[in-house]
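These notebook entries record what I looked up in the structure shown below. I took the entries one topic at a time.

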Amino acid sequence: MDNKIKENSENEKKEKGSTKAMVTLVIIVLLGVNALLLWQFFSKKSALDSTQQTLENVSEEKESLQSELDDLKTEYDKMSEENSSLQVQLSDKDEEIKVKVLEIQNLIRSGDAAQLKKAKLEMNKLRELNRIYIAQIDSLNTVSQALNKENIKLTSNLKEEQSRVQNLNSANTALSNKVAVGSIMKTESVVASGVKYKSSGKELETNRASSTENIKTCFTLAENLVVDQGKKTIFVRVLGPDGSILSTSTETFLYKGQPSIYSAKETIDYANERTDMCVYWSKGSAYAKGDYTVELYTDGNQIGVTKFSLK
């Protein structure tokens, strides 16, 4: 009986030992599993944190690149607007910048890290293009300003020259007018009257219409050094009391570009010095009573006029 109790006691001890070993093993296994899970958890968390940081960095880089691109575009648009008159000269460079901006914009929109890296490189190229563009604009503006100054100077010189020419023309016109006026012959002491003749041929002045045979006009051609020397024809035009031109011929001379009938003419050799002369005209019939006018012309100009009366 005692042996059986002892046997049972030993069996119980063995079972307890086996159970304890099993529990220990399970605990060890559980601890191992927990350690593995904890390792996996922290590994994934680290990976997630790294990925999150990468995403945040990519996002910040995208925003930074986009902001820089926007600034460059704004600067470019401002320069283009302020220098619109130079667009023809810069059209090639202008088109190259537009293409580069579109290329970078597409790379940024992709959101891929590799594409963003490429966008950075292209951004550097765009900065250089923009720098060259600005330098060319400055150069063209410098040339344009120099040309404008030269143009203003030339315009000023042209105006001065035009003014000088105008003054010379005015002076020339004035001088021509003076020469033209100076070239007109003048008369002094113009006197006209009726004359009759005695049987001896002696000439007598008369104011009676019934006695008048000729109308005599005497005058002095003044000295004129401007007038060309040579033959000068003096035309005499006698206007009767009724205002009509007395003439026995249909011959004419030019006055103010128009043909005009004259009463008598006399040609002399003028030597630019004072010359006394008389011109006679005969009507060939009786003279009317009244006031007469005698006009003198040469070279298309009126050079003298006088009046007398017959009663």
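**Entry 1. A loop asparagine**

Where does Asn 272 lie? I found Asn 272 in the loop between E8 and E9. The model I am reading is predicted.

I next asked whether Asn 272 is buried or exposed. Asn 272 has a relative accessible area of 8%, and because the cut-off for buried is under 20%, I entered Asn 272 as buried.

I then listed the partners of this side chain. A polar atom of the Asn 272 side chain lies 2.5 Å from the backbone oxygen of Val 227. The Asn 272 side chain also makes a polar contact of 2.7 Å with the side chain of Gln 229. With neighbours within four places in sequence set aside, I noted that Asn 272 is in contact with Glu 223, Asn 224, Leu 225, Val 227, Asp 228 and Gln 229.

**Entry 2. An arginine in a strand**

I turned to Arg 237, which is found in strand E4. Arg 237 is buried, at a relative accessible area of 12%. Which side chain makes a polar contact with the side chain of Arg 237? I identified the side chain of Tyr 297, at 2.8 Å. Leaving aside neighbours within four places in sequence, I found Arg 237 in contact with several residues, among them Ile 245, Ser 260, Ile 261, Tyr 262 and Ser 263. Thr 293, Val 294 and Glu 295 also belong to this list, as does Tyr 297 itself.

**Entry 3. The nonpolar cores**

How many residues does the largest nonpolar core have? I recorded 25 residues, and those with the most contacts inside this core are Phe 219, Leu 221, Val 238 and Tyr 292. I then checked which strands contribute. Strands E1 (187-197), E3 (214-221), E4 (230-239), E8 (264-270), E9 (275-281), E10 (290-298) and E11 (301-310) each supply at least two residues of this core.

I followed Tyr 292 further. Not counting residues up to four places away in sequence, Tyr 292 touches Ile 215, Val 238, Leu 239, Gly 240, Pro 241 and Leu 246, and also Tyr 287, Thr 306, Lys 307, Phe 308 and Leu 310.

I also noted a second, separate core of 11 residues, which includes Leu 69, Leu 72, Leu 107 and Leu 129.

**Entry 4. The disulfide**

How many disulfides does the count come to? I recorded 1 disulfide. Cys 218 and Cys 278 form it, with their sulfur atoms 2.0 Å apart. The torsion about their S-S bond is about 110 degrees, so I entered the disulfide as right-handed. This pair links distant parts of the chain: Cys 218 is in strand E3 and Cys 278 in strand E9, 60 residues apart. Cys 278 is partly exposed, at 34% relative accessibility.

**Entry 5. Salt bridges**

I found that the structure holds 5 salt bridges, and I looked up some of them. Side chains of opposite charge can pair when their charged atoms come close.

Glu 188 forms a salt bridge with Arg 274, with the closest N and O atoms 2.3 Å apart. Glu 188 sits in strand E1 and Arg 274 in the loop between E8 and E9, so that I noted a link between distant parts of the chain, 86 residues apart. Glu 188 is partly exposed, at a relative accessible area of 30%, whereas Arg 274 counts as exposed at 52%.

Lys 216 forms a salt bridge with Glu 203, with the closest N and O atoms 2.7 Å apart. Lys 216 is in strand E3 and Glu 203 in strand E2 (residues 203-206), 13 residues apart. Glu 203 is partly exposed, with a relative accessible area of 28%.

Glu 251 forms a salt bridge with Lys 265, the closest N and O atoms being 4.0 Å apart. I placed Glu 251 in the loop between strand E5 (245-246) and strand E6 (252-255), and Lys 265 in strand E8, 14 residues apart. Both are partly exposed, Glu 251 at 43% relative accessibility and Lys 265 at 45%.

**Entry 6. Confidence**

Where in the chain is confidence lowest, and where highest? I found the lowest in helix H1 (residues 2-82), at a mean of 64, and the highest in E10, at 96. The chain averages a pLDDT of 77, and 70% of the residues score at least 70. Where pLDDT is low, the predicted coordinates should not be read in detail.

Conventions
Residues numbered from 1 in each chain as written. Predicted model: local features only at pLDDT ≥ 70, side-chain atom pairs only at ≥ 80, totals over all residues. Heavy atoms only, no water. Core = buried A, V, L, I, M, F, W, Y, C linked by side-chain atoms within 4.5 Å. Buried < 20%, exposed > 50% of the residue type's maximum accessible area, 1.4 Å probe, protein only. Helix = DSSP H or I, 4+ residues; strand = E, 2+ residues; numbered from the N terminus. Contact = heavy atoms within 4.5 Å. Salt bridge = Lys/Arg side-chain N within 4 Å of Asp/Glu carboxyl O. Polar contact = N/O pair within 3.5 Å; in protein donor to acceptor, adjacent residues only side chain to side chain. Disulfide = S-S within 2.5 Å. pLDDT = per-residue confidence, 0-100.
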